[in-house]
Amino acid sequence: MKTMQESPQKLRREMKSRHLFMISLGGVIGTGLFIGSGYAIGEAGPIGTILAYLVGGLLMYLAMVCLGELSVIMPVSGSFQAHATKFIGPASGFVIGWVYWLSWALYVGLEFIAAGLLMGRWFPDVPIWIWCAVFVVLLFSINSLSTKSFAETEYWFAGIKVLAVILFIGIGFCAMFGLITMDGTPAPYLSNITGDGVFPTGLTGVFIVMMTVIYAFQGSEIMGVAAGETQEPEKNIPKAIRNIVVRVLVFYVLAIFVLSAIVPWKEASVLESPFVTVFDIVGIPYAADIMNFVILTAILSVGNTGLFACTRILYSLANDGMAHPMFGKLSKRGVPMNALLVTLGFALLSLLTSVIAETTLFVVLLSVSGIGGTITWMAIAFSQYRFRTQYMKDGGKLEDLKFRVRLFPFVPILCIVICASLFVFAAFDPTQRVSLALGFGFIGLCYLYYYLRYTRKRKTVLSSQ
């Protein structure tokens with residue numbers, strides 16, 4: 001009996017509005033906030049980090065509204081890869097699909113590493129790679145289920161971490177203003193935020209952390225990837241966009257504010273979650289261990305969502321003839337199993353950071369993932385610009401669009417400009433220069449491969465006719 005079926009069997013539209021919203025929200029709340037925020041605060045200082053996250057939130061909003069317009073008129077799995085193929089060109093669609101896949105595959109690998117680091121709090125003598133192996137099996141099992149089961153699992157995972165962030169913010173504010181004592185030390189109020197000036201490392205520090213901040217906001221575009229499996233996309237996608245942007249920005253900015261107020265910025269680190277550090281300082285019995293468990297759940301949730309995104313992107317690429325046909329095959333449960341297995345195997349390469357240049361390589365991979373996400377957001381904005389321009393040229397009416405970008409063309413152009421400037425900022429950091437070289441090197445190889453594999457072959461066939 002065959003368990004794999006050839007396309008054109010389609011993915012099933014089993015996600016409801018609440019699933020789409022919580023998966024998008026949960027996809028953003030993970031390593032970038034719980035661990036990457038420590039690196040950002042240490043490099044840019046408290047106020048600089050808050051400014052960086054505000055800019056990142058603005059960019060997320062610009063990209064999301066552009067994606068919303070495209071996803072409503074073309075709700076397919078892999079969305080922005082298909083949008084880029086149609087509205088920019090097949091070569092760009094090919095590159096965006098593979099760049100986004102690489103970005104999320106690295107993202108998933110980083111989630112494994114982050115989860116292993118958190119387990120080190122309880123089991124310091126157990127190697128990180130062992131925990132990574134345990135979590136690989138767990139996430140593979142969840143992703144092997146039907147879309148409906150995956151969505152329901154992620155709904156509750158996301159709910160747990162959203163609740164945890166809200167509780168953290170509340171307890172943090174109480175500690176800041178002396179309502180909760182911190183090991184007998186006086187309440188810090190705003191002294192840790194303002195004590196060393198507005199930009200203790202200069203504006204350069206803000207520029208350097210921008211790519212890490214953008215990495216933190218990656219995951220919001222999962223909404224587009226899931227469009228092909230969402231019920232009533234014309235209704236649920238706009239609703240998810242309106243809800244997620246404000247909530248994500250509030251959660252991030254308030255959480256960073258609390259972290260900066262309690263933990264001196266010079267002590268921030270990527271080796272332990274600063275969220276756990278805060279509870280250690282506050283001294284609430286077992287609170288740090290509870291928070292460590294919540295963060296572990298949150299990180300595994302993002303890794304789970306990342307695997308979902310990667311498999312759907314590979315499925316979309318296969319259906320467009322831009323990846324091997326085996327990635328377009330679905331299991332009897334409607335899951336692109338081959339795409340899932342290959343993605344998981346690639347993500348395991350990130351385990352090298354547990355034994356080689358632990359801190360440095362973690363930041364490099366973080367930045368490479370951020371580059372992939374930034375390129376994707378640029379492509380989303382440009383696709384929307386090309387679509388709307390052609391739509392109006394063909395006599396289309398704005399009132400016929402069920403969701404549309406306001407202030408066109410200012411919004412997509414601003415999104416593209418901010419994304420491009422981030423690459424300039426990243427060049428100021430020697431570590432991120434390596435990431436830029438790796439990221440853009442991969443993009444160049446993708447374009448070259450497309451030319452050799454498709455364009456030149458097509459020209460050869462035409463010339464021989």
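**Exercise 1. Leaving aside its neighbours within four places in sequence, which residues is A288 in contact with?**

Before we start, a quick word on the model: it is predicted, so local features need pLDDT of at least 70 and side-chain atom pairs count only at pLDDT 80 or more, while totals for chains, interfaces and linings use all residues. Residues are numbered from 1 along each chain as its sequence is written, and side-chain values use heavy atoms, with hydrogens and water left out.

Step 1. Find A288 in helix α13. Helices here are DSSP runs of H or I with at least four residues, strands are E runs of at least two, and both are numbered from the N terminus.

Step 2. List the partners, where contact means heavy atoms within 4.5 Å. For A288 they are R121, V276, F279 and D280.

Step 3. Check the surroundings. A288 has 5% relative accessibility and so counts as buried (buried is under 20% relative accessible area, exposed is over 50%, and partly exposed is in between, using a 1.4 Å probe and protein chains only).

Step 4. Look at T277 too. T277 and A288 sit 11 residues apart in sequence, and their C-alpha atoms are 7.4 Å apart in space.

**Exercise 2. Work out how α12 and α13 are arranged.**

Step 1. Know what to look for: two packed helices are described by the angle between their axes and the distance between the axes.

Step 2. Get both values. Helix α12 covers residues 274-282 and helix α13 covers residues 287-319; their axes come within 8 Å and cross at roughly 165°. That angle makes α12 roughly antiparallel to α13. (Axes are lines fitted to C-alpha atoms, for helices over the stretch in contact, and angles run from 0 to 180 degrees between N-to-C directions; under 35 degrees is roughly parallel, over 145 roughly antiparallel, 65 to 115 roughly perpendicular, and the rest oblique.)

Step 3. Add the handedness: the crossing of α12 past α13 is right-handed. In general, the near helix is turned clockwise from the far one by less than a right angle in a right-handed crossing, and anticlockwise in a left-handed one.

Step 4. Name the residues that meet. From α12 come F275, V276, F279 and D280, and from α13 come A287, A288, M291, N292 and I295. Sorted by class, this contact has 7 nonpolar residues, 1 polar and 1 charged. (Ala, Val, Leu, Ile, Met, Phe, Trp, Tyr, Cys and Pro count as nonpolar, Asp, Glu, Lys and Arg as charged, and the others, Gly among them, as polar.)

Step 5. Step off the end of the helix. Just after α12, G283 has a positive phi of about 85°.

**Exercise 3. Now do the job for α7 and α12.**

Step 1. Take the geometry. The axes of α7 (residues 147-176) and α12 come within 11 Å and cross at roughly 45°. The two helices are therefore oblique to each other.

Step 2. Note that α7 passes α12 in a left-handed crossing.

Step 3. Pick out the contact: F168, I171 and A175 in α7 meet F275, V278, F279 and V282 in α12. By class, it holds 7 nonpolar residues, no polar ones and no charged ones.

Step 4. Ask which residues of α12 are buried: P274, F275, V276, V278, F279 and V282.

**Exercise 4. Describe where S383 sits and what its side chain reaches.**

Step 1. S383 belongs to helix α15, residues 358-393. Its relative accessible area is 1%, so S383 is buried.

Step 2. A polar atom of the S383 side chain lies 2.8 Å from the backbone oxygen of A379.

Step 3. Not counting residues up to four places away in sequence, S383 touches L70, H83, A84, F87 and I88.

**Exercise 5. Is L407 buried or exposed?**

Step 1. Place L407 in the loop between α15 and α16.

Step 2. Read the accessibility: at 64%, L407 counts as exposed.

Step 3. Check the backbone. L407 has a phi near 55°, a positive value in a residue other than glycine.

Step 4. Look along to P409, in the loop between α15 and α16 (410-426). A cis peptide bond joins F408 and P409, with omega about 5°.

Technical notes:
Polar contact = N/O pair within 3.5 Å; in protein donor to acceptor, adjacent residues only side chain to side chain.
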